[in-house]
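Work through the exercises below with the sequence and the structure open beside you. Try each task before reading its solution.

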Amino acid sequence: MIPLEVARTRVLAGCTPLAPRPVAVAEAAGLVLAADVVAGELIPPFDNTAVDGFAVRSVDVTGAGPSTPVVLDVVGTVAAGAVADRAVGAGQAIRIMTGAPIPPGADAVVMVEDTTALDGGDRVAVGAAVGAGSAIRPAGDDVRPGTVVFRAGEELSAAHLGVLRSLGLVEVVVHPRPRVGVLSTGDELVEGPVALRPGQIRDSNRATLLALVAAAGCVPVDLGLQPDVEATIAAAFEDGARHCDALLSSGGVSMGDFDYVKRVLDRVGEMNWMQIAIKPAKPLAFGHVHGVPCFGLPGNPVSSMVSFELFARPGLRRLGGHPDDRLARPPVRAVAPEGLRRTPDGKTHFQRVVADYDHARAAYVVRTAGGQGSHHLAAMAAANALAVVPDGDGVAAGGSVDVLLLR
Ligand code: AMP
Ligand code: MG
């Protein structure tokens, strides 16, 4: 058995970020920049008002207060999207709406709440003094031309897309979303609402893995359910390698007699067969089929999910250009009031737990999510985290443990 980190290092060494290409900003959420973005424009593009109110000369309203209002002539109105057709002179004000450009002559805005309209709006009583620059958002206050706003390696969030759009950009150079093919293997598997014959079970892994692929920010590609027949398994892998950036299969990588996946992958690919000191998900095959990274995940439903989390997800994120320190989920420390028991076996256990944030303790608290067998998929569904329980007797009641928060 090899340590988890050794296996993960092998996987990551075999996953190279996909070649950068331009992608529409609208499609780029979650993708990783492959080049710096340099601002070519000011944000905001002009001095504008942060409030609805009156653009004034601050010297005119010095000393204004609730009981000592200053009365100004209202000489115009400027809405967002318009520009004032005249300047603000001494003793004058222009009515202005949030986002509208500051008229020439004005150097401050009094918010409408501090004013009272007089003479049907021809004049205004200002009940508050404002300093120069008050309620004005200067041009370039957020971003100035020539500034590197985002660096290569940054993941594009919703706010990033807004900034790109603010700069007038419609495309960005990113690592594209990896296309990831998923296949299930096994003669015992069936799909759909058919009645099960003796010995048959339903294919659950493909639905699970396709959803995990999508949640990891990749494009899931369904490569179907393959019976334990060498020729069709080989065709599925080779076909997948032609139009996918990575391949995931489940089943057929353990020590069984009918593990055709192993035979096929050794023929069409270059694979590394690993036994990893973890439970569940001890066996993992990783390598390449015609240059495309290929993960042979274990067949047991919980094992395939844990293996995806620990190895495939970091590898796929690497293909998507995520930086090295963002590939695996960072553990958080949690308290286990009831403990998490186990027996020593030389492996790190990834126990399925429910983690809740306890405001009184200001810490996450975990409890078991149920059965810890690698077939206990319902307990996996009940879990929202994996507790990383080191080799030994487990975590005593009230002890602490690292957890990976899955959602
Ligand atoms: P294998 O690694 O092929 O020996 O499979 C290990 C266990 O996982 C067996 O109990 C299989 O029936 C089960 N298994 C394999 N593939 C799937 C699948 N796609 N969906 C549900 N269970 C599976
Ligand atoms: Mg099988």
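## Exercise 1: Ala281 and its neighbour

Ala281 is buried, with a relative accessible area of 3%. This is a predicted model.

Task: State where Ala281 lies, and what is unusual about its phi and about the peptide bond from Lys279 to Pro280.

Solution.
1. The cut-off for a buried residue is under 20% relative accessible area, so Ala281, at 3%, is buried.
2. Ala281 sits in the loop between S20 and S21. Pro280 is found in the loop between strand S20 (278-279) and S21.
3. Phi of Ala281 is positive, about 80°, although the residue is not a glycine.
4. The peptide bond that joins Lys279 and Pro280 is cis, with omega about -5°.
5. Most residues other than glycine have a negative phi, and most peptide bonds are trans.

## Exercise 2: Another positive phi, another cis bond

Task: Find where Ala135 and Pro44 lie, and decide whether Ala135 is buried, partly exposed or exposed.

Solution.
1. Ala135 lies in the loop between strand S10 (123-126) and strand S11 (136-137).
2. The phi of Ala135 is near 60°, a positive value in a residue other than glycine.
3. Partly exposed covers the range between under 20% and over 50%, so Ala135, at 25% relative accessibility, counts as partly exposed.
4. Pro44 belongs to the loop between strand S3 (37-38) and strand S4 (48-49). The peptide bond from Ile43 to Pro44 is cis, with omega near -10°.

## Exercise 3: One face of a helix

Task: Name the buried residues of helix H5 (residues 260-268) and explain why they line one face.

Solution.
1. The buried residues in H5 are Tyr260, Val261, Val264, Leu265 and Val268.
2. Seen down the axis of H5, these buried residues fall within an arc of 125°, so they line one face of the helix.
3. An α-helix has 3.6 residues a turn, so residues three or four places apart point the same way.
4. The buried residues of H5 pack against S14, helix H4 (230-243), strand S18 (246-250), strand S19 (269-275), strand S21 (283-289) and strand S22 (292-297).

## Exercise 4: The surroundings of ligand 1

Task: Describe which residues come nearest to ligand 1, and give its polar contacts with Glu188, Ser254 and Gly299.

Solution.
1. There are 16 residues around ligand 1, of which Glu188, Asp203, Ser204, Gly252 and Gly299 come nearest.
2. For Glu188, an N or O atom of the side chain is 2.6 Å from an oxygen atom of ligand 1.
3. For Ser254, an N or O atom of the side chain is 3.3 Å from an oxygen atom of ligand 1.
4. For Gly299, a polar backbone atom is 3.1 Å from an oxygen atom of ligand 1.
5. On its own, ligand 1 has 490 Å² of accessible area, and the protein covers 78% of it.
6. Two elements give two or more residues to the shell around ligand 1: strand S14 (179-185) and strand S16 (201-202).
7. By type, the shell holds three nonpolar, ten polar and three charged residues.

## Exercise 5: Thr208 and Ala19

Task: Decide for Thr208 and for Ala19 whether each is buried or exposed, and say what each one contacts.

Solution.
1. Thr208 lies in helix H3 (residues 205-215) and is buried, with a relative accessible area of 18%.
2. The side chain of Thr208 reaches the backbone oxygen of Ser204 at 3.1 Å.
3. Ala19 is placed in the loop between helix H1 (4-13) and strand S1 (21-24). Its relative accessible area is 59%, so Ala19 is exposed.
4. Leaving aside residues up to four places away in sequence, Ala19 touches Val174 and Pro176.

Conventions:
Residues numbered from 1 in each chain as written. Chains lettered and ligands numbered in written order. Predicted model: local features only at pLDDT ≥ 70, side-chain atom pairs only at ≥ 80, totals over all residues. Heavy atoms only, no water. Helix = DSSP H or I, 4+ residues; strand = E, 2+ residues; numbered from the N terminus. Buried < 20%, exposed > 50% of the residue type's maximum accessible area, 1.4 Å probe, protein only. Contact = heavy atoms within 4.5 Å. Near = heavy atom within 4 Å. Polar contact = N/O pair within 3.5 Å; in protein donor to acceptor, adjacent residues only side chain to side chain. Areas by Shrake-Rupley, 256 points an atom, 1.4 Å probe, with all protein chains shown as cover. Nonpolar A, V, L, I, M, F, W, Y, C, P; charged D, E, K, R; others polar. Arc of directions from axis to C-beta.
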